[in-house]
Structures are given as C-alpha cells and as structure tokens.
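Please look over the sequence and the model below before reading on. The report then moves from the interior outwards to the surface.

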Amino acid sequence: MASRNPGRVSDQQQRAERFAERFRAVYLTFHRRDGPRSQLQGASRAALEHLALAGPLTIGEAAAHLNRAQSVISEMVSHLEDQGLLERESDPAGRRRTLIWLTRAGHSALRQDREVLGLDLLAGALARLPPAQADDLIAGLQALVQVAGQPGRHQDPPASDQHVQPAPAPGQPLPASEGDSDDDQHPGPSL
C-alpha cells in the first residue's frame, strides 16, 4: 500500500483556501444590490416553489403538501392571484376541481428571487474576458459542482501519475448529476 503524501493534503487544503478567498471576492463583487433579494414573503415563496416543483394542485392538495390549514392556503392563493403570480384553472380531468398554477409572472418572480448575483454586472465583466476564458470559467464551476455531488467525493485525490478526466471543452455539456437541471423551475441559487 502506498504511503500517503502529507504534502498533497496541504496542497489541496491550500487550493481550497485560495478558492474560498476568491469565491468570497466574487460574491462581494457581484452580489445583487438592486434592493432586497426577495420581494416574496417566506410562506408565499414556499408555496410558489412547491407549485413549481409539484405542478398544478388543488388548494386542498397544496394545504396538505405545505402542512397548513386549507383556509390559510386559500387566503395566500387569493393574495398571490391578486399579484398576478398564480392563476386558477379548471382541471381538465374533473371540471368540479380547480387547480392553482404559476403564471409567467410567478415563474419570473421565482427566478428573480433565486438570483444571488447581479446578472447585469456579471454579464459586463464576462464580456470583458476573452470568450474562451469566460467559457472555461463557467465550465470549471460546473465541473466543481458536479464532482462535489458524486459518490466518493471524500476520497483522497488521484495520484499525480493517474490520468484525470479533463472538463469538457466549452460549449460541450457536462452530464447532468442527480438533482441537476437547467430548467427554470429548479430551486436554488443561480451561478
């Protein structure tokens, strides 16, 4: 059995610390400054997020899923409907049932609520980089997130004499990891 190289552990720790420093700098440079990050109250955000994931539901089903009284959900739905974020529609499978669903404005509000970074500021900075460098940066971040979600992520890094699979070329998609989706209805922060 090969002995462990203590220098590598230190190198990996130092690399992680350098990345963390730069990540903080990126966050401080590009975080949204256009007002409060969320215009949605917690319960409203939870209801919209749940509907975005579960699809159209009746008020009773939404109440059961969100573990709230039906009257509370009904009042919240009316408020979100008045704001143009939800709409009611007849269930094609049973005309006596009414479903609640997100409007385009509801999807847009969720997308904006999920944005941590100021996209205009970030787009301006990326535009000043050579396109290949910007693509490499994005691919590198995607690869980092993907490898963090893989089984065995707590194992020692591969030895330097082993071949490490490079990240795909810019424009080449990475295979989706479990729970990864480019669809606008996926909750979580945008990178």
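How many residues does the largest nonpolar core have, and which of them have the most contacts inside it? In this predicted model, the largest nonpolar core is made of 21 residues, and those with the most contacts inside it are Leu48, Ile73, Leu86 and Leu102. Several parts of the chain contribute to this core, since helix 2, helix 3, helix 4, strand 2 and helix 5 each supply at least two of its residues. The table gives the residue range of each of these elements.

| Element supplying at least two core residues | Residue range |
|---|---|
| Helix 2 | residues 42–54 |
| Helix 3 | residues 59–66 |
| Helix 4 | residues 70–82 |
| Strand 2 | residues 94–102 |
| Helix 5 | residues 104–114 |

Ile73 deserves a second look. When residues up to four places away in sequence are not counted, Ile73 touches Ile59, Ala62, Ala63, Leu66 and Arg68. Ile73 also belongs to the lining of the largest cavity, where it is joined by Ala47, His50, Leu51, Ala62, Leu66, Val77 and Ile100.

The structure holds one cavity of 30 Å³ or more, and the volume of the largest cavity is about 30 Å³. Helix 2, helix 3 and helix 4 each supply at least two residues of its lining, with the largest share, three residues, coming from helix 2. Sorted by character, the lining residues divide into seven nonpolar, one polar and no charged.

The loop between helix 3 and helix 4 offers another detail, for this is where Asn67 is found. Although Asn67 is not a glycine, it has a positive phi of about 55°. Is Asn67 buried or exposed? Its relative accessible area is 66%, which means that Asn67 counts as exposed, the cut-off being over 50%.

Finally, the protein can be described as a whole. It has seven helices and two strands, which follow the pattern α-α-α-α-β-β-α-α-α when read along the sequence. Of the 191 residues of the protein, 23% count as buried. Among contacts between residues at least 6 apart in sequence, 62% join residues that are at least 24 apart. As for the surface, the protein exposes about 13800 Å², and carbon and sulfur atoms supply 53% of that area.

Terms used. Residues numbered from 1 in each chain as written. Predicted model: local features only at pLDDT ≥ 70, side-chain atom pairs only at ≥ 80, totals over all residues. Heavy atoms only, no water. Core = buried A, V, L, I, M, F, W, Y, C linked by side-chain atoms within 4.5 Å. Buried < 20%, exposed > 50% of the residue type's maximum accessible area, 1.4 Å probe, protein only. Helix = DSSP H or I, 4+ residues; strand = E, 2+ residues; numbered from the N terminus. Contact = heavy atoms within 4.5 Å. 1 Å grid on protein atoms, 1.4 Å probe; cavity = no way out; pocket = protein on both sides within 12 Å on 5 of 7 lines; lining within 4 Å. Points joined across faces, edges and corners; volume = space filled by probe spheres on them. Nonpolar A, V, L, I, M, F, W, Y, C, P; charged D, E, K, R; others polar. Areas by Shrake-Rupley, 256 points an atom, 1.4 Å probe, with all protein chains shown as cover.
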